[in-house]
Amino acid sequence: GGLYEAVAVLKSREFTNKFFIEENIMPVLFKKAWDEKANKWREGIDAPSLWDAYKLFDRSIRSVYIRKKTKLVVLSIEWTDPKQASDWANKMVTRINEHLRADAIDESKRNLEFLREQVNKTSIVQVRQSIFGVMEAETKKAMLANVTKEYAFKVIDPAVVPEEKIKPKRKSIVIMSFLIGGFLGVFISLVIRISGRKVKSEIVN
């Protein structure tokens with residue numbers, strides 16, 4: 001369903017690589033290999049590729065899983081810089097919403113074009129009425145996607161940098177459930193973890 005499809009897109013290499021490029025994350029991920037003054041990769045080393053970045057990010061920095069009982073989706077970003085961790089978590093949710101919203105609008109446009117063609121091909125009243133019913137539902141879906149920025153994941157309380165250290169287990173704020181256009185039910189909570197030198201900033205959907 002929509003839940004698993006949204007998670008698959010969030011974890012996909014295409015979406016993640018686009019995020020790296022648009023947010024210029026490569027120099028941050030491979031800081032030791034980046035010459036900040038010269039604004040290029042250091043001489044004498046093989047410049048890391050987007051595939052290298054994806055493997056690092058997917059295996060060590062980002063984790064995404066679905067809680068079986070509640071069907072909640074947990075997006076976790078773990079990084080040594082707490083500000084960077086919260087920033088990435090928030091931006092990834094914003095971008096996945098934009099991505100899925102744009103896809104939904106495009107899909108609705110294609111579906112409506114197809115339905116218009118079909119309704120023009122038939123003169124049977126019952127068939128035309130059925131097609132008009134589907135068109136009405138598709139139009140509502142397109143309108144909802146057009147006006148709703150938080151299309152799939154509604155963030156009530158975004159990830160923030162904690163002012164005080166939080167116990168290694170976790171501190172969480174559970175917010176509320178949200179259902180939009182029959183596409184995806186989401187439940188939001190904010191979890192920020194600090195354990196040793198690493199920071200984990202989570203947004204639960």
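1. Does Thr 122 count as buried or exposed? In this predicted model, Thr 122 counts as buried because its relative accessibility is 16%, and the cut-off for that word is under 20%.

2. The surroundings of Thr 122 can be followed in the structure, where the residue has its place in the loop between helix 5 and helix 6 (125-147). A polar atom of the Thr 122 side chain lies 3.2 Å from the backbone nitrogen of Ile 124, and, once neighbours within four places in sequence are left aside, Thr 122 is in contact with Val 127, Arg 128 and Ile 131.

3. Turning to the chain as a whole, one finds 6 helices and 7 strands, which from the N terminus on follow the order α-α-α-β-β-α-β-β-α-α-β-β-β. Of the 205 residues in the chain, 37% are buried, and among contacts with a separation of 6 or more, 60% are between residues 24 or more positions apart.

4. The largest nonpolar core has 34 residues, and those touching the most other members are Phe 20, Leu 29, Phe 57, Ile 77, Trp 88 and Met 92. Two or more residues of this core come from each of several elements, including helix 1 (2-11), helix 4 (50-61) and strand 4 (73-79), while helix 5 gives the most, with 9 residues. Apart from this core lies another, of 5 residues, among them Leu 112, Leu 115, Val 119 and Met 135.

5. As for the outside, the accessible surface of the chain comes to about 12700 Å², and carbon and sulfur atoms account for 52% of that surface.

Methods
Residues numbered from 1 in each chain as written. Predicted model: local features only at pLDDT ≥ 70, side-chain atom pairs only at ≥ 80, totals over all residues. Heavy atoms only, no water. Helix = DSSP H or I, 4+ residues; strand = E, 2+ residues; numbered from the N terminus. Buried < 20%, exposed > 50% of the residue type's maximum accessible area, 1.4 Å probe, protein only. Contact = heavy atoms within 4.5 Å. Areas by Shrake-Rupley, 256 points an atom, 1.4 Å probe, with all protein chains shown as cover. Core = buried A, V, L, I, M, F, W, Y, C linked by side-chain atoms within 4.5 Å. Polar contact = N/O pair within 3.5 Å; in protein donor to acceptor, adjacent residues only side chain to side chain.
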